[in-house]
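Work through the exercises below with the structure in view. Each task is followed by a solution in steps.

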Amino acid sequence: MEENISKQAEYVNTIHETLVGYTGKRLRVRANMGRSKIIEREGVLTQAHRSLFIVETDEKRGRKARQSYQYVDVLTGMVELTNPENGEALFPSIQEEFV
């Protein structure tokens with residue numbers, strides 16, 4: 001049990017470090033918000049903090065919206081991140097292992 005938790009913590013750190021490198025770049029986010037509500041957005045990763053990251057998206061009428069997500073949500077598969085240029089998932093092996 002303890003080994004699994006430390007492995008998950010290591011994966012969360014890996015996700016964080018990877019996303020720090022993506023700061024300022026475009027990402028496609030697919031988030032399961034519960035009750036069969038899935039949101040798909042594309043935006044720029046503006047900040048990557050220790051426990052969450054922030055994506056800024058373009059909305060209607062030129063407005064900007066910011067949405068924050070936790071690294072744990074990426075780990076559990078509730079949030080999927082892909083590269084919009086080639087459509088490849090950023091963390092396919094992590095999500096397959098823990099979902």
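**Exercise 1: a residue in a strand**

Decide whether T82 is buried or exposed in this predicted model, then place T82 and list its contacts.

Step 1. The relative accessible area of T82 is 17%. Buried means under 20%, so T82 counts as buried.
Step 2. T82 belongs to strand 5, which covers residues 79-82.
Step 3. With neighbours within four places in sequence left aside, T82 is in contact with L27, R28, G87, E88, A89 and L90.

**Exercise 2: the sheet**

Find the strand order and state which strands stand at the edges.

Step 1. The open sheet has 5 strands in the order 4-3-2-1-5, and the pairing is antiparallel.
Step 2. Strand 4 (64-70) and strand 5 each have a single partner strand, so they stand at the edges, with one side of each left without a neighbour in the sheet.
Step 3. From one strand to the next, the twist averages 40 degrees.
Step 4. Strand 1 (residues 26-32) and strand 2 (residues 38-48) run antiparallel and are joined by 7 bridges. A31 has I39 in strand 2 as its bridge partner.

**Exercise 3: helix and core**

Describe how helix 1 lies on the strands and which element gives the most to the largest nonpolar core.

Step 1. Helix 1 (residues 2-21) lies across strands 1, 2, 3 (52-58) and 5, at about 75 degrees to strand 2.
Step 2. The largest nonpolar core has 18 residues, of which L19, F53 and L81 touch the most other members.
Step 3. Helix 1 gives the most to this core, with 4 residues.
Step 4. The contacts of L81 include L19, F53 and V74.

Notes:
Residues numbered from 1 in each chain as written. Predicted model: local features only at pLDDT ≥ 70, side-chain atom pairs only at ≥ 80, totals over all residues. Heavy atoms only, no water. Helix = DSSP H or I, 4+ residues; strand = E, 2+ residues; numbered from the N terminus. Buried < 20%, exposed > 50% of the residue type's maximum accessible area, 1.4 Å probe, protein only. Contact = heavy atoms within 4.5 Å. Pairing = 2+ DSSP bridges. Axes fitted to C-alpha atoms, helices over the stretch in contact; angles between N-to-C directions. Core = buried A, V, L, I, M, F, W, Y, C linked by side-chain atoms within 4.5 Å.
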